[in-house]
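Reader: Please take me through one part of this model in detail. I would like the ligand site, and then whatever else in the chains helps to place it.

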Amino acid sequence: MLIKRPADIEPSEITSESVYQRRRTLLKMSGLATAGAIAGIPLLSLAEQEGISGRELQGVIESPLSTAEPANSWQDITTYNNYYEFGTGKADPARNARDFEPRPWSVVVKGECDKPGRYDFEDLVDNQQLEERVYRFRCVEAWSMVIPWVGIPLASIIGRLQPNSNAKFLRFRTLHDPERMPGQRRRTLDWPYTEGLTMAEAMHPLTLMAVGLYGRELPNQNGAPMRLVVPWKYGFKSIKAIAEIEFTRRRPRSSWEQAIPSEYGFYANVNPEVDHPRWSQARERPIGFGLFARKKPTLMFNGYADQVASLYSGLDLRKNF
Amino acid sequence: MSYVRPFKPLVFAVCLLPLVYLLLSAFEVAGLGLGTNPVEELLHELGRWGLKFLLLTLAVTPVRRWTGWSWLVRYRRMLGLFSFFYLLLHFLVYAVLDQGLDPGLIVEDILKRPYITLGMAGLLMMVPLAATSTKAMMRKLGKRWKSLHRLVYVIAILGVWHFYWQVKLDTLQPLVYASILAVLLISRIRPRKRR
Ligand code: HEM
């Protein structure tokens, strides 16, 4: 598949000279001088981030698929999370996931593929090229952030698992362990959290298996040790703490679809023209701009239309919300 | 019992504490803050305080009956007005900070989003109650005052319903408020005296 550059990045605006110089200085200061190639804008602000933690990931390269928009702070990204396994309040996951131990971790692979089995996290991730992908993130609740993920294209993981010709969809499941995930002791959603993609969506170059944030290991509240990131879909599609991947013939049913089928569909593509039954999706509140910031218009496919619209040609997006 | 009189300013001050706390948080004084999404936090806090004061207002009569503390009724009007005050701020935060004072968007929301319609209906119904809360109006309206102020039951139901409907999935909190409201309403159904 052809990799197109996001529409919002003109080559000339990728890095202005002054920003570039400042970044060089900061990189040198933070001992990353070798890293002309290591990661982009977020590393610029890395040195200034408050509360940043976690082991640094090595050998991360920049990606041309990143947006040029400035990223939200570490603080924003790690204190405002929808992760019902650790509580239904936005601040709950940061508190309740603190003691979660994401290692050792393994992922069960099953269904229509030639290489099923139980894979250790390291087995899936080590020896793969880590990329920094700065993506827009749009929640179905009409707020948004810009997040510097680190991860591996899902396509390269799928390639190793060798799906057969029956595999039309993927079903992902989060770990189900109420001992370690206290939110699962209440039956808010039908545990374990389940999500799905079409094969074409999963193989799309934008689709990322994230293992890091801001060049560090993924924090627990953001879905450690590995989570999906599908930037043109509402955030709930980007399932966290993945423990199982299944290749299926039939379309899987996702957790939110199961919970409230009239409000959440399988596709969940960001679409300003199709409202949630209870609120408008035409605009979004960008997080991180304080009390007096204006909302801004939501973009079709969250601004990734050039790259993904062709996946849905001929599909009625109003019906297949 | 006249000794309660001096407490009125004190109760008034206590009722203002949530506002003071929210203002300090909004201006990030003394390490306070409104968190990562301050508009949402302020909107939700004001909505919840408005509803709490509304339930407190409705609690006066049954609590008075259970405890015999007849002086409680002196504070009822103040509690009701504070509920109106916090809900008016709730609406203003919605209109100004959330919707950027765009009349088109606000009207569309009120007409199209059922939970907003309910909230708006509730708030509008509070206006005549607040306007007739003075002693003079009470005297002037006589019996009709009492009938008019029965609207408060409808307002409370609309308010809780509005809360319930805006929740995405976890309805525990609005159900707690709904249960308290149910107790307060049921306590008003008095069995007919057999004689
Ligand atoms: C009787 C009047 C009202 C009461 C008792 C009330 C109460 C509440 C409560 C308790 C919440 C939820 C807070 C939380 O989730 O913690 C809320 C949310 C909200 N209310 Fe009200 N409210 C009233 C009127 C209004 C009006 C007139 C409007 C606007 C026209 C409004 C707009 C909203 C909005 C936008 C939310 C947040 C929804 C969200 O975050 O998705 N409310 N209200």
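Author: What follows starts at the ligand and then turns to the strands and loops. The model is a predicted one.

Start with the metal. Which protein atoms bind the iron atom of the ligand? The protein donors are NE2 of His90(B) and NE2 of His162(B), lying 2.0 Å from the iron. The two histidines come from distant parts of the chain. His90(B) belongs to helix α3 of chain B, residues 76–98. His162(B) belongs to helix α8 of chain B, residues 151–166. They are 72 residues apart.

The iron has six donor atoms, and the angles among them run from 85 to 179°. The site is octahedral.

Are these histidines buried or exposed? His90(B) has a relative accessible area of 19%, so it counts as buried, the limit being under 20%. His162(B) has a relative accessibility of 18% and is therefore buried by that limit.

Now the shell. The ligand is surrounded by 19 residues. The closest are His44(B), Arg48(B), His90(B), His162(B) and Gln166(B). Polar side-chain atoms of several residues face the ligand. For His44(B), such an atom lies 2.7 Å from a ligand oxygen. For His162(B), the partner is a ligand nitrogen, at 2.8 Å. For Gln166(B), a side-chain N or O atom is 3.1 Å from a ligand oxygen. Helices α2 (38–67), α3, α5 (114–131) and α8 of chain B each give two or more residues to the shell. The largest share comes from α5(B), with six residues. By type, the shell holds 10 nonpolar residues, eight polar ones and one charged one.

One loop of chain B deserves a remark. Leu101(B) sits between α3 and α4 (103–112). Its phi is near 55°, a positive value in a residue other than glycine. Leu101(B) has a relative accessible area of 55%, so it is exposed, the limit being over 50%.

Turn to chain A, strands first. Strand β2 of chain A (residues 106–111) runs antiparallel to β3 of chain A (residues 117–120), and four bridges join them. Val108(A) has Arg118(A) in β3(A) as its bridge partner. The two strands, β2(A) and β3(A), form a hairpin, with five residues between them.

Strand β12 of chain A, residues 283–286, has pairings of both senses. With β5 of chain A (residues 143–153) the pairing is parallel, over two bridges. Trp143(A) is matched there with Arg285(A) in β12(A). With β13 of chain A (residues 296–297) the pairing is antiparallel, again over two bridges. Arg283(A) stands opposite Pro297(A) in β13(A).

The loops of chain A hold two cis peptide bonds to note. One joins Arg103(A) and Pro104(A), with omega about -5°. Pro104(A) lies in the loop between α4 (92–96) and β2 of chain A. Another joins Trp191(A) and Pro192(A), also with omega about -5°. Pro192(A) is in the loop between β6 (169–174) and β7 (194–198) of chain A.

Two more loop residues complete the view. Ala268(A) lies between α8 (255–259) and β12 of chain A. Its phi is positive, about 50°, although it is not a glycine. Ala268(A) is buried, at 3% relative accessibility. Ser66(A) lies in the loop between β1 (61–62) and α3 (74–79) of chain A. Ser66(A) is buried too, with a relative accessible area of 12%. The side chain of Ser66(A) reaches the backbone nitrogen of Val134(A) at 2.8 Å.

Technical notes:
Residues are numbered from 1 along each chain as its sequence is written. Chains are lettered from A and ligands numbered from 1 in the order in which they are written. This is a predicted model: local features need pLDDT of at least 70, side-chain atom pairs count only at pLDDT 80 or more; totals for chains, interfaces and linings use all residues. Side-chain values use heavy atoms; hydrogens and water are left out. Donors are N, O and S atoms within 2.8 Å of the metal (3.2 Å for Na, K and Ca); water is not among the atoms, so sites may look incomplete. Four donors count as tetrahedral if all angles lie between 85 and 135 degrees; four count as square planar and six as octahedral if opposite donors are over 155 degrees apart and all others between 65 and 115; anything else is irregular. Buried means under 20% relative accessible area, exposed over 50%, partly exposed in between (1.4 Å probe, protein chains only). A residue is near a molecule or strand if one of its heavy atoms lies within 4 Å of it. A polar contact is a pair of N or O atoms within 3.5 Å; within protein, one must be able to donate a hydrogen and the other to accept it, and residues adjacent in sequence count only if both atoms are side-chain atoms. Ala, Val, Leu, Ile, Met, Phe, Trp, Tyr, Cys and Pro count as nonpolar, Asp, Glu, Lys and Arg as charged, and the others, Gly among them, as polar. Two strands pair if DSSP finds at least two bridges between them.
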